[in-house]
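This report covers helix packing, salt bridges and a few individual residues. The sequence and structure come first.

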Amino acid sequence: MNESSNDPALRRVLAAAGLPLEGHFVAKAGWVSQAWVGDEYVVRVSEGRFRDAYDHEAAVVGMLEGSHVPHARHIAHGHGPDGPWYISERLPGRTLHDVWPSADQGTRRSMIESIGFALQALHRVPVPADLLPPWLRDALAGKPWPAFHPPVVGAALQQVEAAPHRPGHDMRLLADVAAWIQERLALFLADEHVLVHGDLHGSNVMVDDGRVTGIVDFAEALSQPADAELDTLLRWCARAEEFPPTPLLRGLDPSSLAEVPGWLRHAYPELFERDRLRERLDFYDMYMELALYAHHPQLDMRQAAGARISRLLLGHNHIDRLVW
């Protein structure tokens, strides 16, 4: 990070929002945006690949008003010469990812249990049944897929149908996957859909003094079964090295997260009490791997996803490493 209070893009966004141009800001890189962290505000400017992502985030944050979900208040958002921009209040503390390595065991448990309580509140927020980010709705309709996104149960077979459009696919594997999915769709028929963050991991949680001060970045929030959230969290625990805060940094050591599932279960037991939970989590993971197999531009990444799909068909995936 570096001081950048005079950055022209930052000053243009502040002016557009009608906020003072003076103040101390520090630049921070991200995966798909540039951010500036100030004393009162966090300013983000996106590269624009995700259609209406900030409009969607502002709408979701609006749903959180009056709830018990800790979150950053929306200040303003819009579009400018530098791309879509979003301003939120600055929350106390640092990201869970930054705090975790030096935190003692008691503090780590306190932070994870605080996440559990925050998720309970999130999953009680009233949500439209068809809530999807606009860019994700585009992707599911056949337009380009800009990035990772959370599982969408009802779109799983669409990924099987999309995969043959990429070179190197295995039609026998896809036939096995289609049958596997068909056998399990009934697991989700009676589900209540709730507000799911969709990308919950260490970089999207702010903590201070052992508790969550806010869940941030709701650009991928959608309406899905609550345990879709659990799937993302367990993937972070098992494969944390794949979740660095920026492309140039490293993710956490997965061994340091070994007790996270148990602590989360203590705080939010209902999340773990679904009938046939392991099969449901396998289904979410199949969706994620299928999305990579069908849409990733790099052949080696599609091949790696295909290998993981083969393991899933045999009943094995990263959850095997976890104790929960």
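A residue counts as buried when its relative accessible area is under 20%, as exposed when it is over 50%, and as partly exposed in between. By that definition both D231 and R235 are buried. The model described here is predicted.

**Salt bridges**

Side chains of opposite charge can pair when their charged atoms come close. In this model there are 18 salt bridges. Three of them are set out in the table.

| Pair | Closest N to O distance | Burial |
|---|---|---|
| D191 and R280 | 2.8 Å | both buried |
| D231 and R235 | 2.8 Å | both buried |
| D285 and R235 | 2.5 Å | both buried |

The pair D231 and R235 lies within helix α8, which spans residues 227–238. Because these two residues are four positions apart in that helix, about one helical turn separates them. R235 also forms a salt bridge with D285, with the closest N and O atoms 2.5 Å apart. D285 belongs to helix α10 and R235 to helix α8, so this pair ties together parts that are 50 residues apart in sequence. D285 is buried, as is R235.

Helix α10 supplies a residue to another of the tabulated pairs, D191 with R280, whose closest N and O atoms are 2.8 Å apart. D191 sits in the loop between α7 and β8 (194–196), while R280 is in helix α10 (residues 277–295); the pair therefore ties together parts that are 89 residues apart in sequence. D191 and R280 are both buried. They also belong to a network of salt bridges that links D191, D227, R274 and R280.

**Packing of helix α7**

Which helices pack at an angle of about 45 degrees? They are α7 (residues 171–184) and α11 (residues 299–313), and their axes are 11 Å apart. An angle that is neither under 35 degrees, nor over 145, nor from 65 to 115 counts as oblique. α7 and α11 are therefore oblique to each other. The crossing of α7 past α11 is left-handed. On the α7 side the contact involves L173, D176, V177 and W180, and on the α11 side G306, I309, S310, L312 and L313. By class, the residues of this contact of α7 with α11 are six nonpolar, two polar and one charged.

Helix α7 also packs with α10. The axes of α7 and α10 come within 11 Å and cross at roughly 145 degrees. α7 passes α10 in a left-handed crossing as well. The α7 residues that make the contact are L173, L174, V177, W180, I181 and R184, and those of α10 are E279, D282, F283, M286, L290 and Y293. The contact of α7 with α10 has nine nonpolar residues, no polar ones and three charged ones. L173, V177 and W180 thus appear in the contact with α11 and in the contact with α10.

**Individual residues**

Is H123 buried or exposed? Its relative accessibility is 8%, so H123 counts as buried. H123 is located in the loop between α4 (105–122) and α5 (134–140). Leaving aside residues up to four places away in sequence, H123 touches V194, L195, A226, E229, Y268 and L271.

R51 lies in the loop between β4 (41–46) and α2 (53–64). With 40% relative accessibility, R51 counts as partly exposed. Its contacts, not counting residues up to four places away in sequence, are P134, W135 and D138. R51 and P134 are 83 residues apart along the chain, and their C-alpha atoms are separated by 6.2 Å.

D7 is placed in the loop between β1 (2–3) and α1 (8–17). A relative accessible area of 25% makes D7 partly exposed. From C-alpha to C-alpha, D7 and W36 are 9.4 Å apart in space, and they are 29 residues apart in sequence.

G262 is part of helix α9 (residues 260–267). G262 counts as partly exposed, at 34% relative accessibility. G262 and I112 are 150 residues apart in sequence, with a C-alpha to C-alpha distance of 9.5 Å.

Technical notes. Residues numbered from 1 in each chain as written. Predicted model: local features only at pLDDT ≥ 70, side-chain atom pairs only at ≥ 80, totals over all residues. Heavy atoms only, no water. Axes fitted to C-alpha atoms, helices over the stretch in contact; angles between N-to-C directions. Left-handed = near helix turned anticlockwise from the far one by under 90°. Contact = heavy atoms within 4.5 Å. Nonpolar A, V, L, I, M, F, W, Y, C, P; charged D, E, K, R; others polar. Salt bridge = Lys/Arg side-chain N within 4 Å of Asp/Glu carboxyl O. Buried < 20%, exposed > 50% of the residue type's maximum accessible area, 1.4 Å probe, protein only.
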